[in-house]
Amino acid sequence: MKLKAPHPRPRWRTAALCGSLAATLTALDARAQDAPPRSDATAAPTLSEVTVTGNPLGAEQIVAPASTLSGENLLLQRAATLGDTLRELPGVSSSYFGPNAGRPSIRGLDGDRVRILQNSGASFDASSLSYDHNTPIDPLAIERVEVLRGPAALLYGGSAQGGVVNVIDNRIPREPVAGPEGGVTGRADASWSSGDAQKAGAALIEGGNDRYALHVDAFARNAGDTAVPVALECTRPGSPALARRICNSANRASGGAVGGTAFFDRGYLGASLAGYRSDYGTVAEEDVTIGMRSTRAALEGLWRNPGGLIESVRGQFSHGNYRHTEYEGSEAGTVFTNRGNELRLEARHRALGRLQGVWGLQWEGNEFSALGEEAFVPTSRTRTAALFAQEELGTDWGKLTFGARAEQVRVRSLGSDETDRFTTGTRRFTPGSGAVGALVNVASGWQLTGNLAYTQRAPKDSELFANGPHLATGAWEQGNPGLGLEKSASIDAGVKWKDGAHRFALTAFASRYGNYIGLLPTGATREGDLPEYVFTGVKARFAGLEASGTVRLLGQQGVWRGAGGGEGTSVLDLDLRADLVRATNTSTNQPLPLIAPARVGATLRWADGPWGVRLGFDHSMAQHRVPEGNRVTAGYTLWNASVTWRQKLGRAQLQWYARVDNLSNRLAYSASSILTQSAFGRAPLPGRSLRVGVQATF
């Protein structure tokens with residue numbers, strides 16, 4: 001790939017260890033995982049809407065700030081990338097590298113400080129290494145996404161210290177179909193969108209009885225270049241020289257999985273095998289595309305009542321084989337591979353009075369390589385072994401939670417057979433983390449939560465051993481083999497209130513880093529005109545607010561029963577959301593880059609029988625808090641509207657929907673996208689687009 005003249009600005013892998021603690025993360029409660037998704041458009045909210053990631057004991061009330069996207073909300077907000085799908089959740093933004101690559105950023109954090117999981121297991125890829133690398137997870141194939149904000153390192157390691165995004169697809173069924181005769185259920189989706197001429201479809205079928213369950217799914221999407229409100233230049237052969245499209249933003253993706261579970265009197269054992277492939281343009285250069293291939297195998301089991309103090313033991317094993325090739329035209333360039341395994345065992349002990357808890361161990365190993373002339377990281381091997389524990393003490397006024405984790409991490413650079421610029425060697429680290437939290441029921445409908453945590457993260461292989469040109473940052477990235485542990489202390493405090501259909505939640509968070517690892521400029525240049533950036537430990541501070549709520553403006557919740565009518569009165573709700581993050585390099589007193597600005601949003605939801613209508617907006621303030629030399633981004637408001645209609649057709653229930661994004665066709669640029677700094681004007685946010693589709697369930 002040809003590197004363009006870089007913009008001489010600093011870029012950090014921004015991170016914030018902010019917020020909630022105390023709920024150490026573990027596998028989801030089985031009953032919550034397999035519960036059918038419901039339409040959040042009409043469901044009355046509660047203080048504990050779902051059992052979420054980080055809730056190992058299956059409690060109805062948890063201490064950690066968490067969000068869930070499922071049912072109708074997921075159907076309407078689904079995008080091509082995981083980051084864009086979650087963008088309306090408070091505290092979550094996207095690293096947006098055009099419409100084909102976007103990783104979730106949580107509280108100003110991205111890259112190796114946000115852990116992406118599949119069914120609570122590891123997802124092996126290269127998405128945290130570079131902004132133009134997408135995750136091998138397609139929102140078409142998932143049933144629910146759960147986001148835990150704040151330091152989640154206690155069960156999932158330092159890469160989760162800013163938060164966890166857990167994608168749930170039920171490819172390993174965790175509960176038998178009711179009754180000995182069982183049955184068959186399924187879902188099919190089909191949609192088309194105007195902004196990129198995208199055609200997408202997905203289907204799954206599940207069946208079984210009280211002794212076994214099977215799952216099969218498949219999906220595919222095919223999209224052209226994405227429409228934007230301004231004409232952009234394009235020199236790609238066969239494309240107009242000037243068009244209101246993001247040049248080289250077309251993509252194709254497909255995949256599927258098969259899984260099954262055998263159930264026993266005291267547990268279950270299941271396995272799944274999934275494949276994913278995607279070919280997409282990187283948008284940073286007009287003739288560069290990425291061909292991504294991924295295979296993931298998983299094994300999971302549960303053993304109840306093994307005896308003694310142990311109430312149950314849950315085990316998970318996953319193996320991933322990831323590969324993507326960067327093509328310049330038809331010629332293959334750099335090839336990235338990541339092969340890895342993860343083993344997790346968790347034992348829940350019997351209640352000791354009011355004390356409940358989970359203890360466990362985790363082992364993870366992977367081998368990563370980047371081969372080609374423009375490889376900026378060497379072949380490396382990483383091994384992590386950890387012990388973790390969480391205890392929960394129930395009280396008359398709420399609960400207390402305690403968690404701890406101890407790790408051993410070994411990172412080894414093997415260099416490269418193609419170049420001698422990479423340092424070889426091995427670094428060993430012993431990170432430790434601890435957390436304590438409390439939940440207090442202060443009055444009817446009111447809750448207070450608080451969390452304190454101290455976490456440590458071992459540097460990643462790229463932070464230690466990188467040495468080469470990196471297209472996504474427009475710089476020469478240099479690792480630092482002498483880096484020590486990244487250390488931080490954090491606090492958050494929250495309040496929740498509920499009265500019938502009305503609800504409100506507010507969380508404030510703050511964290512301080514003693515050795516925050518950022519990518520900083522040295523002032524030197526490499527390879528002629530590439531500015532040199534070196535991974536360096538500095539002091540940093542993060543602080544912010546997150547708020548969400550629902551106000552019932554009209555009506556009572558009805559129950560829809562017929563194909564063309566319903567019971568009860570019309571329902572009119574107003575959803576509100578807002579977030580704010582301020583991140584500062586306290587060593588230089590400069591703001592950190594690529595931080596989303598303050599945001600506010602609202603959605604008006606009306607439901608009457610089978611009909612549903614939504615009208616909403618999200619407003620991003622101008623981002624003036626940028627490091628010296630970085631580009632300020634203007635504020636903007638994006639409106640959206642949708643209509644849904646449910647219909648019964650024999651055994652199936654159909655949900656027809658239409659959604660328009662960016663109603664006013666507003667030109668906007670993301671403050672959290674590296675493209676806004678390194679290639680401004682090349683990839684604005686998508687313009688107005690209509691998406692229509694139908695989902696059938698039976």
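**Figure 1. The whole chain, with six helices and 35 strands.** Welcome to the overview! This is a predicted model, and its chain holds 698 residues, of which 58% are buried. The accessible surface of the chain comes to about 26,200 Å², and carbon and sulfur atoms account for 57% of that area. Now think about who touches whom: if you take the contacts between residues at least 6 apart in sequence, 68% of them join residues at least 24 apart.

**Figure 2. Confidence along the chain, given as pLDDT.** How confident is the predictor on average? The mean pLDDT for the chain is 88, and 90% of the residues reach a score of at least 70. Over residues 1-50, however, the pLDDT is below 50; the model gives this stretch 227 contacts beyond near neighbours in sequence. Another place to look is residues 558-567, where the pLDDT stays under 50. For residues 558-567 the model has 22 contacts beyond four places in sequence.

**Figure 3. A nonpolar patch on the surface.** Which residues form this patch? You can find them one by one: F264, L269, L299, F317, L343, L345, L361, W363 and L387. Together they offer about 800 Å² of accessible area. Two strands to trace here are β17 (331-352) and β18 (355-371), each of which supplies at least two residues of the patch.

**Figure 4. A closer look at L345, a member of the nonpolar patch.** L345 sits in strand β17. Is L345 buried, partly exposed or exposed? Its relative accessibility is 36%, so L345 counts as partly exposed, because that class lies between the 20% limit for buried and the 50% limit for exposed. As you follow the strand, keep a general pattern in mind: in a regular strand, side chains alternate between the two faces of the sheet.

**Figure 5. The hairpin formed by β33 and β34.** Strand β33 (residues 636-649) and strand β34 (residues 652-661) run antiparallel and are joined by ten bridges. For one facing pair, find A641, which stands opposite V660 in β34. Two residues lie between the strands of this hairpin. In the turn, G650 has a positive phi of about 65°.

**Figure 6. From β34 across to β35.** Strand β34 also takes part in a pairing with strand β35 (residues 689-697). How many bridges link β34 and β35? There are nine, and the pairing is antiparallel. Look for R659, which stands opposite R691 in β35.

Definitions and conventions
Residues numbered from 1 in each chain as written. Predicted model: local features only at pLDDT ≥ 70, side-chain atom pairs only at ≥ 80, totals over all residues. Heavy atoms only, no water. Patch = residues over 30% accessible without salt bridge, like charges linked within 9 Å, V, L, I, M, F, W, Y side chains within 5 Å. Areas by Shrake-Rupley, 256 points an atom, 1.4 Å probe, with all protein chains shown as cover. Salt bridge = Lys/Arg side-chain N within 4 Å of Asp/Glu carboxyl O. Helix = DSSP H or I, 4+ residues; strand = E, 2+ residues; numbered from the N terminus. Buried < 20%, exposed > 50% of the residue type's maximum accessible area, 1.4 Å probe, protein only. Pairing = 2+ DSSP bridges. pLDDT = per-residue confidence, 0-100. Contact = heavy atoms within 4.5 Å.
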